[in-house]
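Welcome, and please open your viewer. Let's take a short walk through this model, one selection at a time.

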Amino acid sequence: MTMRSDHGFSLIEVLVSLFIISTISIAGTTVLLSSFQSRDALAASTEQTQAYAQAHTRVREDLLQWVPRAAESRPVLDPSASFLGGGIGEAGLLFAFVRDGWTNPGLTEERSGLFAVRYVFENGRLIRRTRPFADPLFNDYFRDEVLLEGLDDVYAEFNQGQLWTREWRATPETPIIAPPAVRLVVRPSDKPEMIWMFLLPAGGAI
């Protein structure tokens with residue numbers, strides 16, 4: 001009976017096997033990393049898109065609830081106006097006005113449903129500032145809500161007939177109240193420029 005010895009694997013075979021296993025592992029790791037990066041990028045893009053959509057909705061809803069109610073947005077600093085637009089007395093001011101819609105179920109609190117709104121652009125951020133009443137008090141305060149960040153610039157333009165102007169002052173001394181339309185130009189640092197158009201319920205000349 002002939003005996004046959006078992007020699008096992010040669011060094012070359014072991015090295016080839018290790019090379020194949022390493023190649024498969026690297027390819028699998030690359031695919032996994034790419035998948036995770038794509039997932040993270042998609043999540044970030046979706047979150048950013050939602051933030052812009054929510055900001056657009058917030059501005060639109062505020063402007064649609066505008067009421068022709070003159071008030072001082074900032075005591076002493078701002079004139080009594082039903083609509084104040086552009087950097088009048090404040091470089092970052094976009095627009096300020098009084099709107100309706102502050103809930104007061106059953107009129108249980110001694111206040112109306114009106115409240116003041118200011119939109120400003122500061123330090124690369126679009127900020128919505130609200131005060132829970134129309135007229136300022138001695139201890140006047142605003143609540144800040146950051147709608148967007150990472151912006152290079154934001155500015156507003158106001159429709160006046162065939163023209164668009166950067167400033168709007170609707171005071172009791174002027175024959176205008178609010179503009180019929182507002183155009184908001186948003187310039188993100190990492191996206192193309194966006195132009196948002198909004199209509200007001202009763203703007204224009206009296």
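Start by selecting I12, L15, V16, L18, F19, I20 and I24, which form a nonpolar patch on the surface. Together they offer about 720 Å² of accessible area, as given by the Shrake-Rupley method with a 1.4 Å probe and, for residues, only the protein chains shown as cover. Nonpolar side chains (Val, Leu, Ile, Met, Phe, Trp, Tyr) are joined into a patch within 5 Å, using residues with over 30% relative accessible area and no salt bridge, that is, no side-chain nitrogen of Lys or Arg within 4 Å of a carboxyl oxygen of Asp or Glu.

This is a predicted model, where local features need pLDDT of at least 70 and side-chain atom pairs count only at 80 or more, while totals for chains, interfaces and linings use all residues. Residues are numbered from 1 along each chain as its sequence is written, and side-chain values use heavy atoms, leaving out hydrogens and water.

Now keep just I12, which sits in helix α1 (residues 11-64). Helices here are DSSP runs of H or I with at least four residues, and strands are E runs of at least two, numbered from the N terminus. Is I12 buried or exposed? I12 counts as exposed because its relative accessibility is 57%; exposed means over 50%, buried under 20%, and partly exposed in between.

Next, jump to N123, in the loop between β5 (115-122) and β6 (125-131). Its phi is near 50°, a positive value in a residue other than glycine. N123 is exposed too, because its relative accessibility is 73%.

Finally, show the whole protein: 1 helix and 12 strands. Buried residues make up 35% of its 206 residues.

How values were computed:
Patches are made of residues with over 30% relative accessible area and no salt bridge: like charges are joined within 9 Å, nonpolar side chains (Val, Leu, Ile, Met, Phe, Trp, Tyr) within 5 Å. Buried means under 20% relative accessible area, exposed over 50%, partly exposed in between (1.4 Å probe, protein chains only).
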